[in-house]
Amino acid sequence: MIVYRELFSLVRDLGVEAKTLYALSNSLEKHYHQVKIPKRDGGYRQLSVPDEQLKRVQRQIDRVLLARMPVSPYATAYRCGCGIGRNALPHLGQPGVLKLDIRHFFDSIPYTAVKERAFPGTIYGEPLRVLLTMLCYYRDSLPQGAPSSPAITNIIMAEFDARVGQWCAQREIRYTRYCDDMTFSGSFDPQEVVAFVRPLLREMGFFLNKKKTRFLPAGRRQVVTGIVVNEKPGLPAEYLRRLRQEVYFCQKYGTADHMARCGIQGPASGYLRRLLGRVNYGLQILPGKKELLEASAWLMKEMAREQEGDRP
C-alpha cells in the first residue's frame, strides 16, 4: 500500500497541481449545482452535482486512491464485474427474502467517517486527509452526484458487511448489499435479522427505512434489484409490458410521433439509445428471449436510419 505523507507525492500521483486542489477545496460552493431527480413515489431526490473541474479531480481520487481500498465481497454496487444481477442471483429460489433499506444513506454519512475510513491516518498525513475529505464532501453529506461518492460508501460499509456476512454465514443466510439496499434470503426469522442489523447501523449513524422493509416468502413474487428470483431469473411483467408497448408504438406511429404523443423531450436518437439500453438489460436477464432480440434488431436499424437522416 502506497503511503502519502507529503503533498508532492499526492500531487504527482493524482496528476493535479497543488494550487488546483486547494483552490477547489476552498471554494466548493462555486463548483456544485443542485439537480432534482424524480422518484417513484412522486417526490424528488435532490443531488449535489460537481462541475467538470471538480468532477475530474474526484475521478482521479477514485481511480488512484479509493480503488486501492479494501471492499467487502458482499457489496455488489459500484464495483467492476458487479451489478444488479450479481446482487440478485445469490437469492434465487430461496424460501424467504428479506429486503432492508437504509434511510437517507448518503445524507447520513458524516465527515468524520469519510476521513477515518476512506482516508485513514495509516496511509495519509493529517493535512492530506483533511484536503481529500473536503474535496469529496459537501454541505454535511456525501454528494450523490460526485464520482468519488459510490466507492466511499463501499469503503465505509466494509466492516459492517463483514460483521453481517459472518453472522449470516453461521446461520446459512445469504446476504448482499447494493448501495443502501440489503437483501437476506434463506430459512430464518426476519425479526431476528432486523434485531441484529438495526443496532449495527445505529452505531454508524444510520437508521432503517421502515416503509421499505419487506419480507417475501416463496409464495409471493420475490424481486431483488428489479429481478424476479423465485425460481429462475426473470423480469417483472410490468417492465416487459411497458417496454413492449414503447417499441410497438415507435414502430406503428414512428419514433418522433410517439415521443410527441408522450411529451418526451430531446432527439429521437437519444430516446432510441435509452430504449435499446433497456432492451439489452432485459437480454442480460433473459438471454435468447425472442421478442427482446427482435426489438433490439429493430432499434439498431432505426438508430442507424436516424443517424443517416442527421447527416448533411
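This report describes the overall fold, one four-stranded sheet with its helices, and the second largest pocket of a predicted model.

## Overall chain

The protein chain has 312 residues, and 46% of them count as buried. Its secondary structure amounts to 13 helices and eight strands. The C-alpha trace extends over about 65 × 60 × 35 Å along the principal axes.

Contacts in the protein chain were also sorted by sequence separation. Among those with a separation of 6 or more, 67% join residues 24 or more positions apart.

## The four-stranded sheet

One open sheet is built from four strands in the order β4-β5-β3-β6, with antiparallel pairing. The edge positions are taken by β4 (174-178) and β6 (214-217); each has a single partner strand, so one side of each lacks a neighbour in the sheet. On average, and with direction ignored, neighbouring strands of this sheet are turned by 15 degrees against each other.

Within the sheet, β3 (residues 96-101) pairs with β5 (residues 181-185) over five bridges, in the antiparallel sense. In β5, Asp181 is the residue that stands opposite Asp101.

## Helices across the sheet

Two helices that lie across strands of the sheet are described here. Helix α8, residues 158-169, lies across β4 and β5. The direction of α8 is at about 160 degrees to that of β4.

Helix α9, residues 190-203, lies across β3, β5 and β6. Relative to β3, helix α9 runs at about 25 degrees. Strand β5 is thus crossed by α8 and also by α9, while the edge strand β4 is among those crossed by α8 and the edge strand β6 among those crossed by α9.

## The second largest pocket

Rolling a probe the size of a water molecule over the atoms shows where empty space is left. The second largest pocket holds about 150 Å³ of space. Two elements give two or more residues each to its lining, namely α10 (237-253) and α13 (290-310). Helix α10 provides the largest share, six residues.

The lining consists of Leu240, Leu243, Arg244, Val247, Tyr248, Gln251, Val279, Glu291, Leu292, Glu294 and Ala295. Sorted by class, seven of the lining residues are nonpolar, one is polar and three are charged. The lining includes Arg244, Glu291 and Glu294, and Gln251 also belongs to it.

How values were computed
Residues are numbered from 1 along each chain as its sequence is written. This is a predicted model: local features need pLDDT of at least 70, side-chain atom pairs count only at pLDDT 80 or more; totals for chains, interfaces and linings use all residues. Side-chain values use heavy atoms; hydrogens and water are left out. On a 1 Å grid over the protein atoms alone, a cavity is a set of points where a 1.4 Å probe fits but cannot get out, and a pocket is an open set with protein on both sides within 12 Å along at least five of seven lines; lining residues have an atom within 4 Å of a point. Grid points are joined across faces, edges and corners, and a volume is the space filled by probe spheres set on the points. Ala, Val, Leu, Ile, Met, Phe, Trp, Tyr, Cys and Pro count as nonpolar, Asp, Glu, Lys and Arg as charged, and the others, Gly among them, as polar. Two strands pair if DSSP finds at least two bridges between them. Axes are lines fitted to C-alpha atoms, for helices over the stretch in contact, and angles run from 0 to 180 degrees between N-to-C directions. Contact means heavy atoms within 4.5 Å. Buried means under 20% relative accessible area, exposed over 50%, partly exposed in between (1.4 Å probe, protein chains only).
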